[in-house]
Amino acid sequence: MIIKYIIAILLFSAIILFHELGHFLLAKANGIRVNEFSLGLGPTIIGFTKGETKYSIKLLPFGGMMEGEDSQSNDDRSFQKKSVWARISVVAAGPVFNFIMAFVLAVIILGNIGISAPTVAQVEDGYGAQAAGLQAGDEI
């Protein structure tokens, strides 16, 4: 029973991580300082700093933090000081990455299990399917 909860948490964490990765990559591409890239909020479970960014895993499965995202900052590389289009791209990147992840997973799943062709179960007398010559068991 507990394994279901662990799997759900892991899947939820993977989705959030990919979403946050979208924000992170576009922030870096637009020259915005990213103070912390984390999977989660709250107390840090494990983390390290590389360059100006702290990478960490935290207790609650949400979020990350950019310079100037939620408070005023005098840094020229803060979120607030970037152009409107740069900020829009950073904000939109998370949902766009969600769509990319969904598309890639759908392709993988359909590639592995395939799709089944619709099959005619029965043909009613006097309808167009009968006139077209369809018979029960035909694949469309």
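**Group meeting: a walk through a predicted model**

Hi everyone. The protein has three helices and four strands, and please keep in mind that this is a predicted model. If you read along the sequence, the order is α-β-β-β-β-α-α. With a radius of gyration of 24 Å, the protein is more spread out than a compact globule, because the globule rule gives 14 Å for 140 residues. You can see this in the C-alpha trace too: along the principal axes, it spans about 80 × 45 × 20 Å.

So what share of the residues is buried? Of the 140 residues, 24% are buried. The protein exposes about 9800 Å², and carbon and sulfur atoms supply 68% of that area.

Now for contacts. Taking those with a separation of 6 or more, 40% are between residues 24 or more positions apart.

Let's turn to helix α1, which covers residues 2-29. Its 28 residues should span 40 Å at 1.5 Å a residue, and the end C-alpha atoms are 40 Å apart, so the two values agree. Which residues of α1 are buried? They are S13, I16, H19, E20, G22, H23, F24 and A27. Here is a handy reminder for looking at such a list: an α-helix has 3.6 residues a turn, so residues three or four places apart point the same way. Just after α1 comes G31, with a positive phi of about 75°.

Last, the charges. The protein has 10 positive and 12 negative charges, and their mean positions lie 19 Å apart.

That's my tour, thanks for listening!

Terms used: Residues numbered from 1 in each chain as written. Predicted model: local features only at pLDDT ≥ 70, side-chain atom pairs only at ≥ 80, totals over all residues. Heavy atoms only, no water. Helix = DSSP H or I, 4+ residues; strand = E, 2+ residues; numbered from the N terminus. Rg over C-alpha atoms; globule rule 2.2 N^0.38 Å. Buried < 20%, exposed > 50% of the residue type's maximum accessible area, 1.4 Å probe, protein only. Contact = heavy atoms within 4.5 Å. Areas by Shrake-Rupley, 256 points an atom, 1.4 Å probe, with all protein chains shown as cover. Lys, Arg positive; Asp, Glu negative; His and termini not counted. Charge placed at Lys NZ, Arg CZ, Asp CG, Glu CD. Expected span 1.5 Å × (residues − 1).
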